[in-house]
Amino acid sequence: WSLPNAERYALQYADGRQTYITESNRGEIKNGSILRLTTSPDQEAERLYSGIQSNNSDVKTDSLKKLASLSQDVTFAQEFINRNGLKQIFYIVEEGNNTGEMLAHTLKAFMELMEHDFVSWEILSAAFIKKIVSYVNMNVVDASVQQLSLSILENMVPTSRLLFELVKKEVTLDRLLTHLQATNAELQLKAMALLIALLLAATDAERRDMMEYLREKNIRQFIHKNIIHSSEPPGDEMAHYLYVLQSVSLNLCECRMRTPMDPYSQEQRELLQSLRQTAFESEGEVPASNFSTERRRSLCAKEFRKLGFMNNSNPAEDLRRAPPGLLALDNMVYFSRHTPNAYSRFVLENSSREDKHECPFARSSIQLTLILCEILHVGEPCSETAQAFYPMFFGQDHFFEELFCICIQLVNKTWKEMRATQEDFDKVLQVVREQITRTLSLKPTSLELFKTRVNALNYSEILKLRQTERLHQEETLAVPVLELRERLKPELMELIRQQRLLHLCEGTLFRKISSRRRQDKLWYCRLSPNHKVLHYGDVEEGVNSPPIESLPEKIPVADMKMLLAGKECPHMKEKSSGKQNKDILELAFSIVYDVEEYCLNFIAPSRYEVSLWMDGLNVLLGKEMTSERTQRDLDVLLSMELKLRLLDLENISIPDTPPPVPKPPSNLNFCYDFRHAEQ
């Protein structure tokens, strides 16, 4: 348009995030995108840099508000930071006494600028950090300022040990607990995020001390009552933080789990002896110490054998295996001290049975402890995205030990139901593992409910469930049935294809996860009803199904070239191969589109969504649906269809080969002639 001083102007998207058009992203402009002519990022950065230094508070507030909005754009952020804009923001925070709207815009702008990773968090001055900490520790301050301050501290903590120690010292756990008890759900969430960041960045010893302090302050009861059982169920992010808190708490058992018993440790030997004494030395009996050394050793060995130790002359040997190490001993001692009646009943009941039918308490306890550690993932690093916490974990002190007390009694009950002998030990523990995992999958809200349900799931119930599952899996393998399966497949595959496309038309809410932290930024993607265009765009929290017109970005299906998954995705290339990123790799996929081969990158909320989207996109590309989910859905549909078609053949054996067709008769004279009958 031959504008004078053309370098002072730039094009910008009119809708959505209003990103500036640059040489690097101009190829991403879609047909139909609305652009507007505006001042260039460097001019805008210069204007706002002056505006935030203004003495007029209205001009300053407006400039900071505009800055918070524009800082989301990477080009503008670079220009503003190049002008030493962050220094000015530091000055406003450090020198200002405002705690209202102006400060909220300043902190929001700071967060957005830091989000681009142009500068390190370690450049922050002590004065700035102290000011941010003061907003968290103040009682009379705007809620949005406190939320932003908590977010800033949460981002600082993982970046360096120095910043972690500073935040840990300045923001006490008591203060975070006060914020956790706030009625403002967003403030509660940010406080929980900072607490989790501190726990994850701490050393093992610091983490243990912090968890002990939180236990004394009854955080568990508060979470159980006010977060898990509040009127609104916990959102995805809060569910993730509760999962991490549960995981960190259970991992406190890891040290004992990985430590084998030391036969020379006086303390550990006394714990072992206390098991024997609680079971066999009642108050009225003569203590074994009155006997001769030989007699005492013989008596102890006999009693340890009755307790179920494999090596009864030196029971410490049984606890040399790690895992479960000393954790198994801790559990046995806890059971004997907190439920002495159940403990004595277990031991005495089995010591009076025939040798081969007795359930060995110690051996069972050691194996059960190992099973519980595997089921509850003790000693494994936290996942970055998992949300699978157990509500009952927060409903009980000493959760692991109390769960063990219920499950060791379950072992004895199942042993009797199976009429097991020593040779059946592994089978019994396999059934117990199944009973525990099946009951945990129902997410019981308390240990009492868990106990009721796990005891109701007896051995005969497990057999019935296994039988039902086997029947579901083992369809009749007769040749005619297999032929019928093959004939039904195309029709059912078409049904699955239609379902996948319908799911894409409904759309899905995706999260943006940066390399540094879990993000709360959301975007939505859905397929147009005519299956010709993919629409997508950023949305606010709480928007479940935005109308298609509100999603500004588009990709024509005709422009889609291929689909990438896991490590092949561009946004996964820089991810490390650690365990924590494995689950994110499984949730990642990308669409390659257009001549220039641009990519739209996804991180799905669940594996189920990955399967549905990968299948749906493969259908749009004219390829086969390859996910495990497709095979599972096909098996379910085939199973139902076959059952319906074979209902009339129940209890009739189907031959492998069709019966022979008889030869045609030599003549057809036996056919009745109606004409003669009429005459």
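Are Phe389 and Phe394 buried or exposed? Select both: Phe389 is buried, as is Phe394, where buried means under 20% relative accessible area, exposed over 50%, and partly exposed in between (1.4 Å probe, protein chains only). The model is predicted, with local features requiring pLDDT of at least 70, side-chain atom pairs counting only at pLDDT 80 or more, and totals for chains, interfaces and linings using all residues. Residues are numbered from 1 along each chain as its sequence is written, and side-chain values use heavy atoms, with hydrogens and water left out.

**Aromatic pairs**

Keep Phe389 and Phe394 selected. Their ring centres are 6.2 Å apart and their planes stand at 70°, so the pair is edge-to-face. Rings of Phe, Tyr and Trp (its six-membered ring) pair if their centres lie within 6.5 Å; planes under 30 degrees apart count as stacked, over 60 as edge-to-face and the rest as tilted. The whole structure holds 24 aromatic pairs.

Next, select Phe510 and Phe602. The ring centres are 5.0 Å apart with planes at 75°, so this pair is edge-to-face. Phe510 belongs to strand S3 (residues 508-511) and Phe602 to strand S9 (residues 598-603), so the pair ties together parts that are 92 residues apart in sequence. Helices (H or I, at least four residues) and strands (E, at least two) are DSSP runs, numbered from the N terminus. Both Phe510 and Phe602 are buried. Extend the selection to Trp523, Tyr536, Phe589 and Trp613, which form one aromatic cluster with Phe510 and Phe602.

**The two sheets**

From Phe510, display the open sheet of 4 strands in the order S3-S4-S5-S6, with antiparallel pairing. Two strands pair if DSSP finds at least two bridges between them. S3 and strand S6 (553-556) are at the edges with a single partner strand each, so one side of each is left without a neighbour in the sheet. Strand S5 (residues 533-539) runs antiparallel to S6, joined by 4 bridges; Leu534 stands opposite Ile555 in S6.

From Phe602, display the open sheet of 3 strands, ordered S7-S8-S9 and antiparallel in its pairing. Its edge strands are strand S7 (560-565) and S9, each pairing on one side only. S7 and strand S8 (residues 588-593) share 5 bridges in the antiparallel sense, and Leu564 stands opposite Ser590 in S8.

**Two helices and their surroundings**

Select residues 173-180, helix H9. Of its 8 residues, 6 are buried, so H9 is largely enclosed by the rest of the structure. The buried residues are Leu173, Arg175, Leu176, Leu177, His179 and Leu180. Their cover includes helix H6 (126-137), helix H7 (143-156), helix H10 (185-201), helix H11 (204-216) and helix H12 (219-228), with contact meaning heavy atoms within 4.5 Å.

Move to helix H18 (residues 340-351), where the buried residues are Ala342, Tyr343, Ser344, Phe346, Val347 and Asn350. These pack against helix H15 (266-280), helix H16 (293-306), helix H17 (325-338), helix H19 (361-375) and helix H20 (399-417).

**A charge over a ring**

Finally, select Arg363 and Phe425. Arg363 lies over the face of Phe425, at 3.9 Å from the ring centre. A charge sits over a ring if NZ of Lys or CZ of Arg is within 6 Å of the ring centre and within 35 degrees of the ring normal.
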